[in-house]
Structure formats: structure tokens, C-alpha cells
Amino acid sequence: QVQLVESGGGLVQPGGSLRLSCAASGFRFSNYGMSWYRQAPGKERELVATISSTADKTNYADSVKGRFTISRDNAKNTVNLQMNSLQPEDTAVYYCMRRVGSLWGQGTQVTVSS
């Protein structure tokens, strides 16, 4: 079954860190660029970070540059998002996405609050 399953979300205080993971199955993961998106309540879904199939290229939204790091492990079929210095405005549902074919995971909730 072709699918993406996110994990690692939760409640964290401002300034804290979380690491999201996305497990891919049912396709040759190493062939595809991957992305993380997020959607806050009442807002449109926005691109957070992208990584190429071989991890030689990454891109970030201006709002997360210097705080978030996207990485992947093609041996484990996972793509990760390390999030540091989290702020309340980072609160959103975070989605993993395979860029070709627009395959989405179910999302994982991240809440930043004191």
C-alpha cells in the first residue's frame, strides 16, 4: 500500500524542540523529492521545507530558516523535520508530502504553548 505516515507531533513550550518523522511505504522512496507542509487553523496550507531525492538540495520557508532542518534516510524510507526554537505561530498540523503525484500523509498536530 502506497502511504505516508507522520509521527512525532505533540505539545511543546515556546523555545522547545520537536522532531517529526514520516515513514513511506509502497513505493521506491529514494526516487522522490519530499516536502513538509503545515496548516494552521483558519489558514492555507503552506510549504515548510523540501528535500531532493538524494538529499543534496534542501529549501525552507523564510519563516523557519535557521530553526528547522529537513533530512531523510533512504535506507529507512523516512523523511524527518527537526524543529528548534519553536514559537506559538508554528502551531499547525504538519503534513509529509511526496512531490510527484501529490501523495499526502494524514498529518500530525504540533502545538506550541505555555
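Arginine 72 is buried but takes part in no salt bridge; aspartate 73, the nearest side chain of opposite charge, is 8.2 Å away. In this predicted model, the side chain of arginine 72 instead reaches the backbone oxygen of serine 52 at 2.9 Å. Elsewhere, the structure holds 4 salt bridges, and its largest nonpolar core has 28 residues.

**Surroundings of arginine 72**

- Arginine 72 belongs to strand S7, which covers residues 68–73.
- A polar atom of the arginine 72 side chain lies 3.5 Å from the backbone oxygen of serine 53.
- Leaving aside residues up to four places away in sequence, the contacts of arginine 72 include Phe29, Tyr32, Met34, Ile51, Ala55 and Thr78.
- Ser52 and Ser53 are also among the residues that arginine 72 touches, as is Val79.

**Nonpolar core**

- Trp36, Val79, Leu81, Met83 and Tyr94 have the most contacts inside the largest nonpolar core.
- Two or more residues of this core come from each of strands S3 (18–25), S4 (34–39), S5 (46–51), S7, S8 (78–83), S9 (92–98) and S11 (108–112).
- Strand S3 gives the largest share of the core, 4 residues.
- Valine 79 touches Arg72, and its other contacts include Leu20, Cys22, Phe29, Met34, Trp36, Ile51, Ile70 and Cys96, not counting residues up to four places away in sequence.
- In soluble globular proteins, nonpolar side chains tend to be buried together.

**Salt bridges around aspartate 90**

- Arginine 38 and aspartate 90 form a salt bridge through their side chains, with an N to O distance of 2.9 Å.
- Arginine 38 is in strand S4 and aspartate 90 in the loop between S8 and S9, so this pair ties together parts that are 52 residues apart in sequence.
- Both arginine 38 and aspartate 90 are buried, the latter with a relative accessible area of 0%.
- Aspartate 90 also forms a salt bridge with arginine 67, whose closest N and O atoms are 2.7 Å apart.
- Because arginine 67 lies in the loop between strand S6 (58–60) and S7, and aspartate 90 in the loop between S8 and S9, the pair ties together parts that are 23 residues apart in sequence.
- Arginine 67 counts as buried, at 17% relative accessibility.
- Arg38, Glu46, Arg67 and Asp90 are joined into one network by salt bridges that share partners.

**Salt bridge of aspartate 62**

- The side chains of aspartate 62 and lysine 65 form a salt bridge at 3.2 Å, N to O.
- Aspartate 62 counts as exposed, at 64% relative accessibility, whereas aspartate 90 is buried.

Definitions and conventions. Residues numbered from 1 in each chain as written. Predicted model: local features only at pLDDT ≥ 70, side-chain atom pairs only at ≥ 80, totals over all residues. Heavy atoms only, no water. Buried < 20%, exposed > 50% of the residue type's maximum accessible area, 1.4 Å probe, protein only. Lys, Arg positive; Asp, Glu negative; His and termini not counted. Polar contact = N/O pair within 3.5 Å; in protein donor to acceptor, adjacent residues only side chain to side chain. Contact = heavy atoms within 4.5 Å. Core = buried A, V, L, I, M, F, W, Y, C linked by side-chain atoms within 4.5 Å.
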